[in-house]
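Biologist: I would like to go through this chain fold first, then residue by residue. Please keep the answers short.

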Amino acid sequence: MDLPSKVKVGGFDVPVLCVSYREMDAAADFKSWPLQIRVNQESYGRQHQQEALLHEIIEAIQVLNDLKIDHTVVSVLGMSLFQVLRDNPEVVRFILEELG
């Protein structure tokens, strides 16, 4: 599966761009509108890209809700949620299961 072209965060479609390292001045552009997420195409591999996308989604949630979360906390949340989601597919299926 390819990197998604957009992700819905807080009701907004946020574009996801796969860019070169030189274009990675900020992984997420949350200072201007529209918001956008950039993932490094030259990353250390697929899992790194996946974790980076999750990290940037957390950053977008933070900005859209005007939260003041330290970047270290965002990084720990991104890596920890990535691990939980990867290692527990039955939990992901349960969470995504449609109700009744």
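The questions and answers below concern a predicted model.

Biologist: In what order do the elements of the protein chain run from the N terminus on?

Modeller: The protein chain holds three helices and four strands. The strands are placed before the helices, the order from the N terminus being β-β-β-β-α-α-α.

Biologist: What share of the 100 residues in the protein chain is buried?

Modeller: A residue counts as buried when its relative accessible area is under 20%. The protein chain exposes about 7,300 Å², with 58% of that coming from carbon and sulfur atoms. Of its 100 residues, the buried share is 30%.

Biologist: How far apart are the end C-alpha atoms of helix α1, and what span should its residues give?

Modeller: Helix α1 covers residues 46-64, which is 19 residues. At 1.5 Å a residue they should span 27 Å, and the end C-alpha atoms agree with this, being apart by 27 Å.

Biologist: Which element gives the most to the largest nonpolar core?

Modeller: The largest nonpolar core has 10 residues: Val7, Val9, Val14, Val16, Leu35, Ile37, Val39, Leu53, Ile57 and Ala60. Two or more of these residues come from each of β1 (6-9), β2 (12-19), β4 (36-40) and α1. With three residues, the element that gives the most is α1.

Biologist: Which residues does Leu53 touch, not counting those up to four places away in sequence?

Modeller: Leu53 is among the buried residues of α1, and it belongs to the largest nonpolar core. Beyond four places in sequence, Leu53 touches Leu3, Pro4, Val16, Ile37 and Val39.

Biologist: Is Gly78 buried or exposed?

Modeller: Gly78 lies in helix α2, residues 71-87. Its C-alpha atom is separated by 7.6 Å from that of Ala52, 26 residues apart along the chain. Leaving aside neighbours within four places in sequence, Gly78 is in contact with Glu51, Leu54 and Ile58. Its relative accessible area is 0%, so Gly78 is buried.

Biologist: How much accessible area do Val73, Leu77, Leu81 and Leu85 have together?

Modeller: Val73 is placed in helix α2. Because its relative accessible area is 41%, Val73 counts as partly exposed. Val73, Leu77, Leu81 and Leu85 form a nonpolar patch on the surface, and their accessible area together is about 310 Å².

Biologist: Which residue takes a positive phi just after α1?

Modeller: The residue sits in the loop between α1 and α2. It is not a glycine, yet its phi is positive, at about 50°. With a relative accessibility of 57%, it counts as exposed. The residue just after α1 with this phi is Asp66.

Biologist: With which residue does Asp66 form a salt bridge?

Modeller: A search of the whole structure finds three salt bridges. In the one formed by Asp66, the closest N and O atoms are 2.9 Å apart. The partner counts as exposed, at 72% relative accessibility. That partner of Asp66 is Lys68.

Biologist: Which residues do salt bridges that share partners join into one network?

Modeller: Asp13 meets Lys6 in a salt bridge of 3.9 Å, N to O. Asp13 also forms one with Lys8, where the closest N and O atoms are 3.5 Å apart. At 44% relative accessibility Asp13 counts as partly exposed, whereas Lys8, at 58%, counts as exposed. The network joined by shared partners consists of Lys6, Lys8 and Asp13.

Conventions:
Residues numbered from 1 in each chain as written. Predicted model: local features only at pLDDT ≥ 70, side-chain atom pairs only at ≥ 80, totals over all residues. Heavy atoms only, no water. Buried < 20%, exposed > 50% of the residue type's maximum accessible area, 1.4 Å probe, protein only. Areas by Shrake-Rupley, 256 points an atom, 1.4 Å probe, with all protein chains shown as cover. Expected span 1.5 Å × (residues − 1). Contact = heavy atoms within 4.5 Å. Core = buried A, V, L, I, M, F, W, Y, C linked by side-chain atoms within 4.5 Å. Patch = residues over 30% accessible without salt bridge, like charges linked within 9 Å, V, L, I, M, F, W, Y side chains within 5 Å. Salt bridge = Lys/Arg side-chain N within 4 Å of Asp/Glu carboxyl O.
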